[in-house]
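I set out to record the charged pairs of this chain and then its nonpolar interior. The entries below follow the order in which I looked them up.

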Amino acid sequence: EDGSLVYKIHLFHKQLAPGSIIYRKKNYVGIITSPIPLPADEKSECYALKSYDNSMKSFGITERSLNIFKPDSVVSDNDIAVVLIKSEKQLYIRSVIEKANRIDLVSDAGVKSYKKTKKECDVHILGKVVLSTFSPNEN
């Protein structure tokens with residue numbers, strides 16, 4: 001080894017395995033290595049999710065983009081985040097707007113609203129996207 005640092009990032013599956021634990025091996029496709037540090041503080045790791053469609057193209061995220069996110073359940077309005085739709089066990093990349101009684105997820109297809117109560121919501125925010133690669137689509 002040459003002694004240089006390599007940063008490792010877990011790459012999530014789009015569809016999560018059954019169970020309530022999100023951050024576990026069954027939910028990872030593999031590990032991405034990076035020779036440069038990613039935007040996170042030293043107390044938290046970053047994770048990644050690949051884009052599988054062009055639903056966020058106007059936000060600069062295209063099919064095959066790699067999206068690095070920092071775990072955090074709180075994001076600011078209009079932040080791009082990785083969200084889990086619990087009923088679908090599916091991860092999405094969306095712009096998030098939180099209201100008193102709902103969470104709006106924004107994509108190029110429009111806005112999808114989810115009812116929110118003090119006890120429950122079908123949307124779980126996994127974290128804010130801190131870096132996305134741009135992968136132009138081949139025609």
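Entry 1, charged pairs. I searched the whole structure, which is a predicted model, and the search returned three salt bridges. I then took each pair in turn.

Entry 2, Lys128 and Asp79. I found a salt bridge between Lys128 and Asp79, with the closest N and O atoms 3.9 Å apart. The cut-off is 4 Å, so the pair is counted. I placed Lys128 in strand β9 (residues 123–132) and Asp79 in strand β5 (residues 79–85), so the bridge ties together parts that are 49 residues apart in sequence. I next checked accessibility: Lys128 is partly exposed at 36% relative accessibility, whereas Asp79 is buried at 16%. Asp79 is classed as buried because its 16% falls under the 20% limit.

Entry 3, Glu98 and Lys116. I noted a salt bridge joining the side chains of Glu98 and Lys116, at 3.1 Å from N to O. This pair also links distant parts of the chain, 18 residues apart: Glu98 belongs to strand β6 (residues 90–98), and Lys116 to the loop between β8 (110–115) and β9. I recorded a relative accessibility of 29% for Glu98, which counts as partly exposed. Lys116 is partly exposed as well, with a relative accessible area of 23%.

Entry 4, Asp104 and Arg102. I found the side chains of Asp104 and Arg102 in a salt bridge, at 2.8 Å from N to O. Is Asp104 buried or exposed? I recorded Asp104 as buried, with a relative accessible area of 6%. Its partner Arg102 is partly exposed at 31%.

Entry 5, the largest nonpolar core. I turned to the interior and listed 16 residues in the largest nonpolar core. Phe12, Phe69, Val82, Leu91 and Ile93 touch the most other members. Which elements give two or more residues to this core? I identified β3 (47–50), β5, β6 and β9. The largest share, three residues, comes from β5.

Entry 6, contacts of Val82. I looked up what Val82 touches, leaving aside residues up to four places away in sequence. Its contacts include Leu49, Phe69, Leu91, Tyr92 and Ile93. I also noted His124, Ile125, Leu126, Gly127 and Val129 among the residues that Val82 touches.

Entry 7, a further core. I recorded a second, separate core of eleven residues. Among its members are Ala81, Val83, Val96 and Tyr114.

Terms used
Residues are numbered from 1 along each chain as its sequence is written. This is a predicted model: local features need pLDDT of at least 70, side-chain atom pairs count only at pLDDT 80 or more; totals for chains, interfaces and linings use all residues. Side-chain values use heavy atoms; hydrogens and water are left out. Helices (H or I, at least four residues) and strands (E, at least two) are DSSP runs, numbered from the N terminus. Buried means under 20% relative accessible area, exposed over 50%, partly exposed in between (1.4 Å probe, protein chains only). A nonpolar core is a set of buried Ala, Val, Leu, Ile, Met, Phe, Trp, Tyr and Cys residues joined through side-chain atoms within 4.5 Å. Contact means heavy atoms within 4.5 Å.
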